[in-house]
Amino acid sequence: MRIGIIGAGNIGQALAKLAVGAGHEVMLSNSRGPESLAETAAEIGCAAGTAAQAAEFGEIVVVTVPLKNVTQIDPAPLAGKTVIDTNNYYPNRDGRIADLDELRTTTSSMVAAHFSRSHVVKAFNAILAADLPKSAGSLGLPGRRALPIAGDDAASKAAVADLHAQFGFDVVDAGRLEESWRFERAKPAYCIPLVRDDLRAALAKAERDVELPHGSWWR
């Protein structure tokens, strides 16, 4: 499968490595252009391109840029495609967004509104970048880490769940995209290593207007 990655930060690079390791063709991109990624792409074993090229290239496209920059991405090349949204809302980075502060929407609902002709699946946001390679286990290994996903299109969710399995993770379907708040920043399922049953319990425990103390997930 061809996987385009828009955003070459820690999460983008970690996912690129996992995807290449699983036998996929990958194109990594950032806002500074492919020349700035030449060395990184060579080390990973993937192609480097512009965001537009990665969007065209990918059968599945990962959007892993800061939330404040999502609207800078042209949605047209992503029409009809599965888009993996790894975003979390960090006010210190993204600026204050009233609709999120007042719980009128979720980050992924905002992303989906921008990519209105795509099938957005929230995934890979509830794990630290450093934990992606070291937590990935072998397919079928009991007790391996589980990660949550949410989305409105069943086929797209199935494709993203299959990627999780290839990368060595169990997956828990948290429901529709509007339920993705259950595993966003400062919720019980956020960035804490959990097996499948414990992840389900953490998702159920989440309260919309309650956040865990900042940094409590770094353990």
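## A tour from R196 to the buried core

Begin by selecting R196, which at 34% relative accessibility counts as partly exposed, because that value falls between the cut-offs of 20% for buried and 50% for exposed. Keep in mind throughout that the model on screen is predicted. Add D170 to the selection and show both side chains: R196 and D170 meet in a salt bridge, with 3.0 Å from N to O. This pair links distant parts of the chain, since R196 belongs to helix 9 and D170 to strand 8, 26 residues apart. Unlike its partner, which is partly exposed, D170 counts as buried, at 15% relative accessibility.

### Further salt bridges

A search for such pairs across the whole structure returns 16 salt bridges. Which residue does E179 pair with in a salt bridge? Its partner is R182, and the closest N and O atoms of the two are 2.8 Å apart. Colouring by accessibility should show E179 as partly exposed, with a relative accessible area of 24%, and R182 as partly exposed as well, at 21%.

Now select K122 and E184, which form a salt bridge whose closest N and O atoms are 3.2 Å apart. K122 lies in strand 6, whereas E184 sits in the loop between strand 8 (170-173) and helix 9 (196-205), so the pair ties together parts that are 62 residues apart in sequence. Are these two residues buried or exposed? K122 counts as buried, at 0% relative accessibility, and E184 is likewise counted as buried, at 11%. Extend the selection to D85, and a network of salt bridges appears that links D85, K122 and E184. As a general point, side chains of opposite charge can pair when their charged atoms come close.

### S108, beside the network

Next, select S108, which is part of helix 6 (residues 107-114). At 0% relative accessibility, this serine counts as buried. Its side chain makes a polar contact of 2.6 Å with the side chain of D85. If neighbours within four places in sequence are left aside, the contacts of S108 are D85, V120, K122, L177, S180 and E184; D85, K122 and E184, the members of the salt-bridge network, are therefore among the residues that buried S108 touches.

### Strand 5 and its two partners

From D85, widen the view to strand 5, residues 82-85, which is covered on both faces: T82 and I84 on one side, and V83 and D85 on the other, are all buried. The arrangement follows a general pattern, in that the side chains of a regular strand alternate between the two faces of the sheet. Strand 5 pairs with strand 4 in the parallel sense over four bridges, and in this pairing T82 of strand 5 is the bridge partner of I60. Strand 6 (residues 119-122) also pairs with strand 5 in the parallel sense, over four bridges, and there V83 stands opposite V120.

### The nonpolar cores

Turn now to the largest nonpolar core, which has 31 residues, and select I5, L15, L28, I84, F124, L132 and F167, the members that touch the most others. Several elements supply at least two residues each to this core, including strand 1 (2-6), helix 1 (10-21), strand 2 (25-29), strand 7 (146-151) and helix 8 (154-167). Helix 1 provides the largest share, with six residues.

For a view from inside this core, centre on I5, which, with its neighbours within four places in sequence left aside, is in contact with G12, L15, A16, V26, M27, L28, S29, A54, V62 and T64. Apart from the largest core lies another, of 20 residues, with M27, Y89, V111 and V120 among them. In soluble globular proteins, nonpolar side chains tend to be buried together.

### Two residues with positive phi

Finish with two backbone positions, starting at F124, which is found in the loop between strand 6 and helix 7 (131-135). Its phi is near 60 degrees, a positive value in a residue other than glycine, and F124 is buried, with a relative accessible area of 3%. The other position is C191, in the loop between strand 8 and helix 9, where phi is near 65 degrees, again positive in a residue other than glycine. Most residues other than glycine have a negative phi. C191 is buried, with a relative accessible area of 2%, and C46 also counts as buried, at 15%, while the structure holds zero disulfides.

Technical notes: Residues numbered from 1 in each chain as written. Predicted model: local features only at pLDDT ≥ 70, side-chain atom pairs only at ≥ 80, totals over all residues. Heavy atoms only, no water. Core = buried A, V, L, I, M, F, W, Y, C linked by side-chain atoms within 4.5 Å. Buried < 20%, exposed > 50% of the residue type's maximum accessible area, 1.4 Å probe, protein only. Contact = heavy atoms within 4.5 Å. Pairing = 2+ DSSP bridges. Polar contact = N/O pair within 3.5 Å; in protein donor to acceptor, adjacent residues only side chain to side chain. Salt bridge = Lys/Arg side-chain N within 4 Å of Asp/Glu carboxyl O. Disulfide = S-S within 2.5 Å.
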